[in-house]
Structure formats: C-alpha cells, structure tokens
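Work through the exercises below with the sequence and the model open. Each task is followed by a solution in steps.

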Amino acid sequence: MKSKKIFLGLALLGSLTWMSCSDKNSDSGRVAFDPSKAIVIEDFYPDSGGIATPMIITGSNFGSDTTGLKLWYVDEDGVRHKGGLVSSNGERLYAYVPSGLTYKRNIKLEVTRDVNGDTIFGRAGRDFRYITQTAVTTIVGMQTTDAHATKCDKLLSSSLSAPGYLCVDDEDNIFIVEHRFDDGSTGYMDCRNEKNENVKGIVLRADTKKDELTLLQENGWNSSKINAPAYSTEPGFEGMYVPDDGGRVYWSLMKGNDYAVKKTQFINPEGYSTLDDKNYKFCFVINKNDHMLYTVMYHGELLRINPKTRRAELLLKKVGKDNGKSGDGGGNDSYCAFSPIQPNRLFISFSDCHEIWYVDVDQLSDKDSLTYHGEPYAGIAAYGSVNYTEGKGWEDGSLKNAKFNYPRQICFTKDGRLYIADSQNHCIRSIDTTQGANARVTTPIGVPGSSGYTDGGVELAKFNIPMGVAVSSDGEKVYIADMKNQVIRELSIK
C-alpha cells in the first residue's frame with residue numbers, strides 16, 4: 001500500500017510538471033484574467049494529502065499570468081497558509097500543499113488575485129483533508145536494554161547508558177543529561193561513565209551538524225543526581241543551566257567558556273533560609289522575556305532565579321494541591337515549560353500526581369503567594385474528581401478526563417502544541433493549548449502501556465520509559481530521550 005501511494009504521488013508530480021510545461025509551450029496566447037468576473041474553483045484533486053502533495057485545481061478566471069495570483073490553505077482556526085503555486089493555464093492551477101497545516105485537518109481552499117489594490121476572491125465548495133505524517137527515528141545511540149558504559153563517537157555509533165533529559169540550543173545541538181534513575185516500579189537505570197563506573201550524572205552534547213557526541217560534565221558517585229536542563233540565549237550568559245538534586249546547587253556551562261563546568265548555588269529567598277532542607281529541583285526552564293531561571297521544587301515552591309546574581313525569589317509557596325510522594329513532608333517530581341503563544345504562562349507536569357497545572361507568572365501581583373496554587377490544566381486528578389492514585393493511567397480526551405502515568409519532561413513546538421513524555425505509558429502525549437477549554441489530550445506516537453523499540457509511523461513506533469523531550473531550534477521537531485532503550489529519538493510531524 002505504501003509503495004502504491006508513493007508511485008501515485010510521483011506520477012501526479014510528473015504529470016503536473018509535464019502539463020505545466022505543455023501549457024506554457026502550447027499556449028501561444030496567454031489567458032487574461034478578467035477583473036469584472038469572480039474567480040471560480042470548481043474542483044480539485046486529490047481531495048486529501050500531506051505536506052508537499054501535488055494538486056490540480058480546476059475552475060475559471062484564474063488567468064495564466066501568476067503575478068498577483070495566490071493559492072491559500074485556510075485551516076480550522078482561520079489561519080491562512082500560502083500554497084505552493086507552480087503554474088496556471090487560466091482554468092487549471094498546478095500546486096502543492098504547504099507546511100504548517102499540522103492537526104488543522106479540514107482545510108478551505110481559496111484563490112485570490114491582487115489587482116490595483118483590490119483582491120478578487122474565490123473559494124472551493126468543499127474542504128481539503130490534511131493528513132498528518134508522523135514518524136519517529138533514532139538519531140543518537142545504539143539501542144539496547146543492557147547496562148553498559150557511555151561512549152562518545154559519531155551520533156549513531158555512540159552508546160548512552162541512561163539518557164534522561166534534554167535541551168536544545170539555537171544551532172540544534174542537543175544537550176543530554178544522563179542520570180541514575182529509579183522510578184519505584186521499573187527498577188534502576190545505572191548511569192555509567194566511559195570507564196564503565198557507576199556515576200550520578202553525565203552531560204553530553206550531540207552536535208547534529210558535525211555528527212559527533214562529546215562529554216561536557218560528569219558527576220561522580222558521591223555527588224548528587226542532575227536533572228532536566230535549560231539553555232539560555234541571553235548575550236553574555238549564553239549556555240546551559242543544569243539543576244542538581246541537592247537543595248540550592250546547580251551547574252552552569254557557558255558557551256563563551258567552551259562549556260566549562262561551574263558549580264554554584266542560588267541564594268535562598270528572604271525569610272526562607274531552610275527552603276533547601278530536604279528539597280530538590282527536577283527541572284530548570286528559561287523565560288525568554290526576562291531570561292530568568294524558573295523551577296518548581298519538590299515541595300511545590302515556585303522559584304525565579306536570577307542567573308547573574310544567583311538570588312532566588314519565591315513566587316508561590318506551593319503549586320498544585322496534592323503532596324504526591326510520601327516521606328519528607330510529601331512532594332513531587334515536577335517539570336516545566338513556557339508557552340510560545342503565551343510567553344509568561346508556565347506549564348508544570350507533576351509526575352507523581354499524574355497531572356498538569358499552569359501559572360501565569362506575570363499575573364501574580366494580586367495573588368497571595370501562600371494560598372494561591374496555580375490553575376489545574378490536564379489530568380482528571382487535577383480537578384478533584386478523583387485522587388491522584390485513581391487518576392493514574394492512560395486516557396485521551398478532554399483535559400478534565402485525561403489520565404497520565406508519570407508524565408515527565410514537557411516542551412512546546414512553535415505552534416503552541418505541548419508535548420509530554422508520558423514515561424510509564426511508554427508514549428508521547430500532546431495537547432494543542434491554542435484550543436482553550438476545547439483542547440484535548442492525544443497520543444500522537446507510541447502504544448500506550450506497551451513498551452518496546454521500533455522506529456516508524458504511528459502504527460509501529462514504540463518506546464521504553466521516555467523521560468525527556470525538547471523541541472528543535474526551528475520549533476517543529478521533537479527530540480525524545482528514550483531512557484530504557486538508551487537512545488535519543490526524533491519525532492517528525494508534518
């Protein structure tokens with residue numbers, strides 16, 4: 001079936017090229033556009049397809065001169081995407097489907113022509129159906145579930161021992177944090193250095209342009225574990241910040257210093273000298289508006305840290321409502337990401353409570369930092385229908401009814417779609433946050449509840465405890481740290 005579709009696509013593309021050339025060669029007199037008449041779209045072929053699908057659009061009064069002539073694909077939100085216009089003979093347009101239509105499946109087709117400051121308009125009487133093409137491929141590491149040493153080499157010849165979390169710079173370097181991991185049910189993942197010694201954490205850089213993996217940092221056995229990093233592009237402070245499990249400690253690796261490792265500590269907020277007592281940091285994220293570091297600590301405190309002064313500010317005493325883990329007063333492994341659509345909206349994945357919340361960090365002036373806990377977003381437990389133990393599981397659908405199973409690192413593509421490493425469901429979940437209360441939780445890749453390792457499309461792809469996600473520099477691809485398969489995968493959605 002797949003080869004048949006490829007053949008038909010190539011045949012149609014070839015026919016478009018031949019027909020457009022034939023029209024140009026045989027059409028001795030150009031077909032003029034008549035501004036007194038409407039543009040009419042009578043039909044189009046095919047009626048569905050994905051990115052770069054060749055199309056023939058039939059109708060009248062297109063005009064053969066393509067100057068000022070435009071083809072538009074209008075998605076369900078009314079956003080207009082300019083189609084690839086190859087040529088016109090006046091009654092046929094030869095075109096191809098543009099990028100950017102992901103998930104907006106019912107597409108209106110419009111043809112417009114600009115004439116002396118006016119726009120003449122025509123719309124098709126039926127919708128074009130956009131088909132999303134989703135696939136995952138391995139880009140770093142050699143898949144295995146056996147314990148082994150971390151080894152730096154070419155990307156696909158390298159070995160990873162416990163890839164947990166990711167961040168990406170503006171040159172598409174992928175920074176990988178490995179760490180010793182125990183989720184309480186699936187057992188330990190040992191983090192091993194190149195000498196095959198057990199260590200608490202390793203930071204690596206995968207250079208996608210040079211095709212090489214390099215070691216940046218190693219935390220020995222007597223150190224604390226390291227967690228989900230963030231990359232800052234602020235001039236003079238460009239580099240990576242890595243949270244350490246231990247209280248106030250974190251690591252900075254500045255690009256200007258060739259990513260030399262520097263251990264540092266934030267300064268506790270005034271009045272909270274014991275904040276770091278039996279408290280931990282699982283994730284850093286950078287707000288691109290203020291260039292500050294944000295984290296939600298184990299006991300729920302939302303902190304903003306100035307990387308220049310190291311001073312921390314307590315924004316909220318506790319985000320969320322449940323305690324999660326027992327012991328140490330209760331707590332949660334939490335992971336954060338800022339929305340690209342609402343840049344001050346911080347989304348927080350509470351792994352141990354299987355739910356997602358958000359906080360608008362620029363709208364806290366009228367909130368009581370001791371009693372305001374943020375807003376529930378996704379996961380049935382977040383809304384109080386059930387407790388977090390009953391809310392554990394897998395269910396797609398509305399935000400208020402969805403279930404997760406230890407959701408960990410989260411990230412956003414540039415279109416406002418949130419991606420979630422749903423670790424113990426062995427899949428990647430997604431939410432189109434631009435849809436407001438109508439947003440739904442979906443599973444674009446992976447087989448819920450079924451671990452394994454397979455590259456490919458939605459019918460085939462499998463993961464084994466995916467822990468980390470990060471978006472590419474162009475905001476379109478999602479990189480995945482597939483912990484127990486010991487590889488980094490790339491999710492391409494077009």
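## Exercise 1: A four-stranded sheet

Start from one residue pair: in S27, leucine 314 is the bridge partner of leucine 303. The model is a predicted one.

Task: Find how many bridges join strand S26 to S27, and give the strand order of the open sheet of four strands.

Solution.
1. Strand S26 covers residues 302-305 and is joined to S27 by four bridges, the two running antiparallel.
2. The open sheet of four strands reads S24-S25-S26-S27, and its pairing is antiparallel.
3. Strand S24 (285-286) and strand S27 (312-316) are the edge strands, each pairing on one side only.

## Exercise 2: A five-stranded sheet

Task: State the order of the strands in the open sheet of five strands, and explain why one side of strand S37 and of strand S38 is left without a neighbour in the sheet.

Solution.
1. The order is S37-S11-S40-S39-S38, with antiparallel pairing.
2. Strand S37 (456-457) and strand S38 (466-471) are at the edges and have a single partner strand each, so one side of each lacks a neighbour in the sheet.
3. Inside this order, strand S39 (residues 478-482) pairs with strand S40 (residues 487-493) in the antiparallel sense, over five bridges.
4. Aspartate 482 has valine 487 in S40 as its bridge partner.

## Exercise 3: The partners of S8

Task: List the pairings of strand S8 with S4, S10 and S9, with a residue pair for each.

Solution.
1. Strand S4 (residues 69-74) pairs with strand S8 (residues 106-115) in the antiparallel sense over six bridges; lysine 70 has threonine 112 in S8 as its bridge partner.
2. S8 also pairs with strand S10 (residues 128-130), antiparallel, over two bridges; here asparagine 106 is matched with arginine 129 in S10 as bridge partner.
3. With strand S9 (residues 118-123), S8 forms six bridges in the antiparallel sense, and valine 111 stands opposite glycine 122 in S9.
4. The hairpin of S8 and S9 has two residues between the strands, and asparagine 116 takes a positive phi near 50 degrees there.

## Exercise 4: Aromatic rings

Task: Count the aromatic pairs, then classify the pair of phenylalanine 175 and tyrosine 231.

Solution.
1. There are 13 aromatic pairs in the structure.
2. Phenylalanine 175 and tyrosine 231 are 5.4 Å apart centre to centre, with 20 degrees between the planes, and the pair is stacked.
3. Phenylalanine 175 is in strand S13 (residues 174-179) and tyrosine 231 in strand S20 (residues 230-232), so the pair ties together parts 56 residues apart in sequence.
4. Both phenylalanine 175 and tyrosine 231 are buried.
5. Elsewhere, ring pairs link Phe347, Tyr358, Tyr377 and Phe412 into a cluster.
6. Rings also meet charges: the charged end of arginine 113 sits over the ring of phenylalanine 33, 5.0 Å from its centre, and lysine 367 lies over the face of tyrosine 372, 5.2 Å from the ring centre.

## Exercise 5: Cysteines

Task: Determine how many disulfides the model has, and why cysteine 353 has no bond to the closest cysteine sulfur.

Solution.
1. A disulfide needs two cysteine sulfur atoms within 2.5 Å.
2. By this rule the count is zero disulfides.
3. For cysteine 353, the closest cysteine sulfur is in cysteine 336, 14 Å away, which is too far for a bond.
4. Cysteine 353 counts as buried, at 0% relative accessibility.
5. Cysteine 411 is likewise in no disulfide, and its nearest cysteine sulfur, that of cysteine 283, is 11 Å away.
6. Cysteine 411 has a relative accessible area of 6% and is buried.

Terms used:
Residues are numbered from 1 along each chain as its sequence is written. This is a predicted model: local features need pLDDT of at least 70, side-chain atom pairs count only at pLDDT 80 or more; totals for chains, interfaces and linings use all residues. Side-chain values use heavy atoms; hydrogens and water are left out. Two strands pair if DSSP finds at least two bridges between them. Rings of Phe, Tyr and Trp (its six-membered ring) pair if their centres lie within 6.5 Å; planes under 30 degrees apart count as stacked, over 60 as edge-to-face and the rest as tilted. Buried means under 20% relative accessible area, exposed over 50%, partly exposed in between (1.4 Å probe, protein chains only). A charge sits over a ring if NZ of Lys or CZ of Arg is within 6 Å of the ring centre and within 35 degrees of the ring normal.
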